[in-house]
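Got your viewer open? Let's take a short walk through this one, selecting a piece at a time.

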Amino acid sequence: MTAVDETTTAPAAEIGSPRKRKEDQRLITGRTRYTDNITLPGMLHLGMVRSPLAHATITGIHTDDAKASPGVVAVYTGADLAAAHGSLPNAWPVTPDQKAPEHHAVAVDRVAFAGEIVAVVVARSPREARDATELVEVDYDDLEPVLDLEAAAAGPPYAHPDLGTNESATWIFDSAEAGTGSDVEAAIDQARGDGVVIERTYRQQRLIPAFMEPRSTVVDPTSEQITMWSATQVPHILRLMLALTCNISESKLRVIAPDVGGGFGGKLQVTPEEVTTLLVANRLGKPVKYTETRSESLVAGHHGRDQVQRLTLSATKEGIVTGLKVDLLANMGAYLGLVTSGVPVLGAFMYNSIYKFPAYRFTCHNIFTNLTWTDAYRGAGRPEATFAIERLMDDLAAELQMDPIELRRKNWIRHEEFPFTTVAGLEYDSGNYEAATDKALELFGYDELRSEQQRRRESNDPVQLGIGTSTFTEMCGLAPSRVLGSLAYGAGGWENAQVRMLPSGKVEVVTGASAHGQGHETAWSQIVADRLGVAFEDVEVLHGDTQVSVKGLDTYGSRSLSVGGIAVVKAADKVIEKARHVAAHLMEASEDDLEFSGGRFSVKGTDKGMAIGEIALAVFAAHNLPDGMEPTLDSDATYDPVNFSFPHGTHLAAMEVDTETGAVKLRKYVCVDDVGIVVNPLIVEGQVHGGLVQGIAQALFEEAVYDDQGTLVTGSFVDYLVPSAADVPDFITDRTETPSTTNPLGVKGVGEAGTIASTPAIVNGVLDAIRHLGVQDLTMPCTPSRVWQALQSREQGEPASVQPTNPEQTSGNLNSSGVISPEQGPRTEGGAS
Amino acid sequence: MIPAAFDYHAPTSVEEALRLLAESGDDVKVLAGGQSLLPVLKLRLAAPEVVVDLGRIDALRGVREDGEALVIGAMTPHHEVASDPLVQQHALLLREATRTVADPQVRHRGTFGGALAHADPAGDLLAPCLALDAEFVIAGQGGTRTVAAADFFQDYFTTAIDDGEILTEVRVPKHTGWRAHYEKFSRVAQQWSIVAIAVTLRSEGGTISEARVALTNMGTVPIRATAAEQALAGVAATPEAVAQAVAGIAEGTEPPSDLNGDADYRRHLATVLARRAVLAAAG
């Protein structure tokens with residue numbers, strides 16, 4: 001290698017640079033291969049027969065016609081496969097006495113939700129597999145389905161009759177018992193006497209992750225090692241869990257997550273489909289592929305949210321909060337997935353948010369129903385918590401007739417109070433809520449919009465204006481292993497990285513954090529380019545294959561940068577230390593006399609120096625190394641974070657409500673996020689934008705609705721309304737940068753922030769627009785119909801809140817969907833035009 | 001999302017298409033863009049043995065004048081209708097409505113005749129055709145016949161087109177210089193109309209002289225608001241006067257109840273949106 005020139009000795013420049021993403025060309029031009037693009041010689045295809053019923057006993061399965069169908073190789077039922085695997089894994093038994101039903105990949109004698117697999121067809125083509133699934137006849141005896149969360153909590157009937165209860169677990173945190181605060185009942189009693197008590201019940205509707213790439217799995221059992229390609233966020237966890245579940249030696253299994261088209265938590269799972277594909281491939285000894293349809297994805301991939309939150313907040317009349325009590329019902333759906341039971345627990349530490357509550361109690365009841373299983377969905381527990389507290393703070397401000405920003409200022413942790421131990425027992429390392437809020441208010445034009453709001457109220461304008469506030473924080477960067485241990489989670493929270501110096505001076509970085517759209521390849525290249533002083537283009541980032549990235553805990557919980565990125569830093573630093581040893585030897589200098597800057601070791605006070613690439617070549621040749629040194633600079637680091645990361649920010653939404661139609665329009669959205677030091681502002685901006693839209697979607701658009709038989713009514717994107725760019729305004733985003741003090745880069749997570757923050761900002765804004773008209777609450781999503789109904793109820797003197805959609809109103813009526821049922825269909829475009 | 005197997009034909013003339021339909025028996029579907037048919041096939045809500053694709057019949061594509069009528073070929077894509085200068089000049093309402101159909105991808109693949117023959121009551125082109133007194137030219141083995149819009153839309157997803165026939169063109173009486181507005185109410189941009197109001201009118205000096213009004217998704221077929229049209233004639237284009245003229249526009253309608261709102265809500269919406277549509281059209 002030639003000596004580096006002077007320009008590369010300039011200070012670090014990559015971190016903070018808005019580099020365009022390396023991965024985008026192959027993704028945008030369609031050159032990459034997703035799992036479904038993988039084709040192997042002799043590959044067979046699966047088709048799943050799924051239960052149309054939410055709860056039923058299987059009394060017979062007739063497969064003869066399907067077996068005789070063209071191209072069909074085999075048909076398996078649950079009974080055929082049950083002996084080959086154990087119950088699908090739940091890695092988070094939140095209490096020692098947690099109850100869970102046996103979860104087979106293919107149902108054996110009973111189905112517990114509509115969409116559950118009851119048989120699997122193996123055929124030579126996807127079409128033949130699909131054709132034959134229609135020939136499998138299943139006899140069912142109906143059982144009473146358990147569909148309503150609150151009724152289920154009271155039970156019977158039971159979603160799993162053998163359990164004798166619908167309650168999986170009850171998990172409690174109490175600040176008085178934990179020694180992190182005082183007794184909440186005393187605080188509430190006190191406030192009932194001389195303060196103010198806000199009691200509310202909020203509903204977190206059920207959401208569907210709706211990633212772009214449907215789930216897909218290919219298994220090749222023809223080599224010594226079985227290879228699985230899967231559209232997963234968690235190849236490493238999947239490998240371990242499949243080995244345990246299917247009784248296969250972990251060393252015999254290789255899992256590859258190729259480019260994965262989004263996940264949002266929806267691909268943080270060990271799925272029945274993955275297990276089935278593996279079992280069938282093993283049994284037949286041939287490569288097998290299964291790719292779900294979008295309809296299957298919506299009905300059978302795990303869902304998110306679905307909680308009822310009963311909340312009590314106490315405060316003084318001056319608006320100082322004194323206590324918070326949270327009582328949750330969390331809908332598990334039919335089964336416990338990988339972290340289903342832990343999702344509400346992840347929220348337990350966040351209800352107090354940025355406020356100095358002296359007393360706090362959290363209780364969560366995990367409840368089974370005969371609906372699709374739930375599990376992690378972008379934010380997982382923390383959006384629910386943030387929604388609750390930010391709604392409560394706005395409701396308290398309204399009760400006290402106080403500006404919601406002023407109320408928050410009175411209660412939040414001031415920047416000089418960090419590090420701050422919260423009533424939930426977490427230590428927030430850093431933050432500056434004042435700075436983010438001041439900046440947001442200025443960008444928003446807060447005072448001006450308040451004036452306009454007043455004018456519209458006074459003139460009785462049909463379009464009313466509301467301002468919604470959300471000053472959120474969240475815990476992410478999952479997670480310190482000892483904390484996970486204390487919460488009974490089944491694994492640790494570390495991450496692994498390797499940095500390999502190639503003889504040519506190029507660098508390979510291997511990360512255990514498996515990207516599914518986030519841009520790790522770009523961000524990790526920037527980190528390593530700065531650290532090692534090499535060119536951004538000279539760094540290759542490898543991930544997502546357990547044969548390449550041998551150790552890892554994957555991507556979820558906004559952990560990749562603040563855990564995985566730090567592992568990369570640690571591995572790069574080890575490379576530098578090894579190279580320093582060699583450089584000292586080759587330049588005949590003391591290691592203490594070497595300086596490393598811009599990729600070059602220099603001997604202090606001389607013009608002698610060597611670039612790290614030159615050292616890499618010398619180590620490759622290994623002709624002249626220090627005695628006893630292994631001829632390699634390659635390094636490996638496993639980093640366990642000492643704390644969570646606590647991004648925060650202030651989000652403000654200006655909402656227009658058309659009181660004549662109930663239509664809600666997001667007019668202006670400002671957010672100032674503090675995610676610590678930013679590695680790539682372009683990627684951060686993308687994460688914030690996408691996150692915002694996903695949170696706004698919960699507030700206004702998305703809801704998984706079931707009918708009174710437990711059939712998913714919103715079973716296509718015609719009815720499950722995922723918003724697009726056309727449905728939101730340009731966002732005004734900005735940042736403050738308060739470095740995290742618990743990691744060497746000063747970074748915090750950003751993957752979930754926008755989603756966590758935006759939902760309450762939107763709903764608070766809608767309510768602020770019409771609260772003076774007597775509307776106190778709205779159920780999400782705040783559809784035009786619901787808003788209008790709430791306004792009508794107020795006029796008729798009824799309680800001004802709106803109940804969730806009545807399934808009976810909707811069942812079987814899909815006419816506005818444009819998708820028609822067969823009996824309506826003799827003339828679908830047909831006979832016509 | 002894999003359709004059941006079917007035989008596929010792509011004729012290049014209407015005659016060939018009709019012959020194929022005749023030969024194919026009962027279990028045949030006509031593909032006219034496919035923006036509704038393909039999802040239905042993929043979801044296996046329909047599994048025809050034969051699909052006849054009209055996409056290669058050039059004679060069915062384009063907009064032309066024929067005396068006092070504007071003639072729109074059934075296979076003209078939405079975006080061509082929306083950007084056609086003749087449509088803008090003589091049937092502005094069609095342009096306004098077509099621009100709101102779904103998203104750009106659908107507007108480039110979906111066709112004018114395909115949407116009308118599909119006859120989804122939430123579709124955006126039915127009410128404008130009804131308001132404009134369009135005529136539908138239907139070809140069959142025995143020749144062609146012409147059906148008035150009022151007779152064309154018969155029920156939910158059902159039109160006057162019989163088995164073995166195809167819609168070839170739509171003849172729209174010229175409404176040269178008429179102003180128009182299509183007031184569509186939906187929750188997200190690409191969604192079907194929850195309710196929409198089609199209005200085209202002439203006005204002089206702030207007074208409405210003539211108006212045509214029709215409602216989308218307020219029943220199983222589009223609804224012509226004849227009483228409102230009469231009430232609007234001679235009315236000043238002010239919010240109060242227009243509101244009064246359209247106050248009864250939803251009376252007697254039986255709109256659907258679904259996730260987007262119940263029938264009462266839709267009737268309320270129709271009344272509000274009608275006022276707005278007329279005022280917007282009157283400019």
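Below are a few stops in a predicted model.

**Stop 1: strand 27 of chain A.** Select residues 664-674 of chain A, which make up strand 27. Eight of its eleven residues are buried, so call this strand mostly covered. Now add strand 26, residues 648-658 of chain A: the two strands pair antiparallel over ten bridges. To see one pairing up close, pick L652(A) and its bridge partner V670(A). Strands 26 and 27 of chain A form a hairpin with five residues between them. In that turn, click on G662(A), whose phi is positive, about 85°.

**Stop 2: another partner.** Add strand 28, residues 731-735 of chain A, which runs parallel to strand 27 of chain A and is joined to it by five bridges. Here C671(A) stands opposite T733(A). Show helix 20 of chain A (residues 681-700) too, and you have a right-handed β-α-β unit made of strand 27, helix 20 and strand 28.

**Stop 3: the core.** The largest nonpolar core has 342 residues, and V528(A) is among those with the most contacts inside it. Helix 18 of chain A, residues 560-586, supplies the largest share, 13 residues. Select V528(A) and look for residues it touches, including V499(A), V568(A) and A572(A).

**Stop 4: chain B.** Colour domain 1 (7-53), domain 2 (58-173) and domain 3 (179-282) of chain B separately. Where domains 1 and 2 of chain B meet, the contact takes 13 residues from domain 1 and 19 from domain 2. Which helix gives the most to the domain 1 side? Select residues 14-23 of chain B: that's helix 1, with five residues.

Methods
Residues are numbered from 1 along each chain as its sequence is written. Chains are lettered from A and ligands numbered from 1 in the order in which they are written. This is a predicted model: local features need pLDDT of at least 70, side-chain atom pairs count only at pLDDT 80 or more; totals for chains, interfaces and linings use all residues. A nonpolar core is a set of buried Ala, Val, Leu, Ile, Met, Phe, Trp, Tyr and Cys residues joined through C-beta atoms within 7 Å. A residue is buried if 20 or more other C-beta atoms lie within 10 Å of its own, exposed if 12 or fewer, and partly exposed in between; C-beta atoms are placed from the backbone. Helices (H or I, at least four residues) and strands (E, at least two) are DSSP runs, numbered from the N terminus. Two residues are in contact if their C-beta atoms, placed from the backbone, lie within 7 Å. Domain bounds come from an automatic or database domain assignment. Two strands pair if DSSP finds at least two bridges between them. A crossover is right-handed if, with the strands pointing away from the viewer, the path from the first strand over the helix to the second runs clockwise. Lists of a residue's contacts leave out its neighbours within four places in sequence.
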